Amino acid sequence: MTEPPRPPGSGDSGNYPPEPTSPGPFPSAEPPTAPLSGAPGPAGYPPAGGYPSPTGDQPPSGGYPPAGGYPPPGGYPPPSGYPAGGVYGGPGGGYANNEDKTWALVAHFGGALGALVSFGPLGFVGPLVAYLARGQQSPTVRAHALAALNFQILWSIIAFVLLFVSWCLLFLPSIAVVVIQILFGIIAGIKANEGTPYRYPMTANFIK
C-alpha cells in the first residue's frame, strides 16, 4: 500500500546537503566563479615563449637583403679615344716641360689670332708653325697642333670662299665663319692651358 504523505517536520531528519545558490533573482546550480561550459581551464594555453626560434635560412625582418651587395662607385671606364691619364703624351694632365705647353698654346691661340687678323683665311698659320717647330720632338705638341690645324684648315677654306660670296650679302657669312674660328680657338687654348685635350667640333682630318 501507498504510504501517506508525512506532515512537515516529522519523520525525515533533513540531513540532505543544501543546494548551492547564486546571488540574483535566478538561482543557478554552479558557483559564480565557475568557468563557462566547454571553455578550457587556465592550464589549456601554451606557456609564454614557446615559439621556436627562427633559423638562419630566413631573411631579416623587412624582406630586404643585407647591405653590401652593390659594387663600389667609380668603376666606369675612361671615355673612348682618350688615354688612361686623360691627356695627350703626359700623365695626370701635365706637360713634359714648359716649352711643350708654350707650343700647345701657340697652336690654339695662334689659330684664333690668325683668323682675326686675316678675317678667316689665315687661321691655319699658327697651328702649322707649332706643328713644324715642335711637333716632331714632342708627341704632346704634335697632338695639340694637329687638332688645331685640321680645324683651322677647314674653316680657312670656307672663309676664303665666302669672301667672294659675301660682297652681295654684306659680309655676314664671312663674319660668322671668323667668329667660329676665333671662338673655338680660344676655348681650345684655355683647355690646353689647363693640360686638357680639346676636340674641335665641325672639323676634318686633313693631316694625320
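What percentage of the 208 residues in the chain is buried? In this predicted model, buried residues make up 27% of the chain.

Begin with the whole chain, coloured by confidence. The mean pLDDT is 72, and 54% of the residues reach 70 or more. Next, select residues 79-92, where the pLDDT is below 50. The model nevertheless gives this stretch 17 contacts beyond near neighbours in sequence. Where pLDDT is low, the predicted coordinates should not be read in detail.

Switch to a cartoon view. The secondary structure consists of 4 helices and 0 strands, in the order α-α-α-α along the sequence. Among contacts with a separation of 6 or more, 66% join residues 24 or more positions apart. With the surface displayed, about 14900 Å² is exposed, and carbon and sulfur atoms supply 67% of that area.

Now turn to the aromatic side chains, which form 4 aromatic pairs. Select Phe151 and Phe184: their rings are edge-to-face, with 6.0 Å from centre to centre and 70° between the planes. Phe151 lies in helix 3 (residues 139-165) and Phe184 in helix 4 (residues 172-193), so the pair links parts of the chain 33 residues apart. Phe151 counts as buried because its relative accessibility is 0%; Phe184, at 15%, is buried as well.

Proceed to Tyr198 and Tyr200, another edge-to-face pair, at 5.4 Å centre to centre and 80° between the planes. Tyr198 is buried, with a relative accessible area of 16%, and Tyr200 is buried at 6%.

Finally, add Trp155 to the selection: Phe151, Trp155, Phe184, Tyr198 and Tyr200 form one aromatic cluster.

Methods
Residues numbered from 1 in each chain as written. Heavy atoms only, no water. pLDDT = per-residue confidence, 0-100. Contact = heavy atoms within 4.5 Å. Helix = DSSP H or I, 4+ residues; strand = E, 2+ residues; numbered from the N terminus. Buried < 20%, exposed > 50% of the residue type's maximum accessible area, 1.4 Å probe, protein only. Areas by Shrake-Rupley, 256 points an atom, 1.4 Å probe, with all protein chains shown as cover. Phe/Tyr/Trp six-rings, centres within 6.5 Å; stacked < 30°, edge-to-face > 60°.
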